[in-house]
Amino acid sequence: MSASYSGSAQNDAEKGLPFVTNYPPKSYNANPVNWSIIEDNDGMMYFGQNKNKSNLLQYDGVTWKPIGCPATSAGVRCLSKDKNGTIFYGGLGDFGYLDKDSAGATYEHSLLQFVPEEKRIFFDVWTVLITDQGIYFQTR
């Protein structure tokens, strides 16, 4: 005579569901509104926000860190990554890309200086579109 037993390590109701962790604003000490999220090639996560202490938060899975931004920037609405891994951002009255300083700290590198001064007054950049022909920042 033989007997067979089967067991399950996971509740059937949870099968196939992603693991989700919610982070309340107190845990990252910043604005509760996140407009955009992107992951870089090294696994770092970036969260675009309205300006509070920073426009962007960087999360490595353990620590939340605000990213330096230019004084003219008031929030990050959209993030996009090109095939080389460069992350571009668009926000309220500003757009550019993420770069690293000599100490390796990430910061927002604005491209606003390349826009003629009389055309710098615009509202939100809602979309960054990466194409083979170039990078487009869409605003109204």
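A polar contact, as I use it today, is a pair of N or O atoms within 3.5 Å; within protein, one must be able to donate a hydrogen and the other to accept it, and residues adjacent in sequence count only if both atoms are side-chain atoms. Keep that in mind for Asn31. The side chain of Asn31 reaches the backbone nitrogen of Val33 at 2.8 Å.

A word on the source. This is a predicted model: local features need pLDDT of at least 70, side-chain atom pairs count only at pLDDT 80 or more, and totals for chains, interfaces and linings use all residues. Residues are numbered from 1 along each chain as its sequence is written, and side-chain values use heavy atoms, with hydrogens and water left out.

Now the overview. The protein chain has one helix and ten strands. Helices (H or I, at least four residues) and strands (E, at least two) are DSSP runs, numbered from the N terminus. The helix comes at the N-terminal end of the order, and the strands follow. Of the 140 residues, 34% count as buried. Buried means under 20% relative accessible area, exposed means over 50%, and partly exposed lies in between (1.4 Å probe, protein chains only).

Back to Asn31. It sits in the loop between α1 (25–28) and β1 (34–39). Asn31 is buried, at a relative accessible area of 14%.

Next, the sheet. How are the four strands ordered in the open sheet? The order is β5-β6-β7-β8, with antiparallel pairing. Two strands pair if DSSP finds at least two bridges between them. β5 (76–81) and β8 (106–110) are the edge strands, each with a single partner, so one side of each has no neighbour in the sheet. In general, strands of a sheet pair through backbone hydrogen bonds, parallel or antiparallel.

Look at β7 and β8. Five bridges join β7 (residues 94–100) to β8. One residue pair to find: Leu98 has Glu108 in β8 as its bridge partner.

Now Gln58. Is Gln58 buried or exposed? Gln58 is buried, with a relative accessible area of 8%. Its place is in strand β3 (residues 56–59). The side chains of Gln58 and Thr106 make a polar contact of 3.5 Å.

Last stop, Trp126. This residue is in strand β9 (residues 125–130). Trp126 is partly exposed, with a relative accessible area of 32%.
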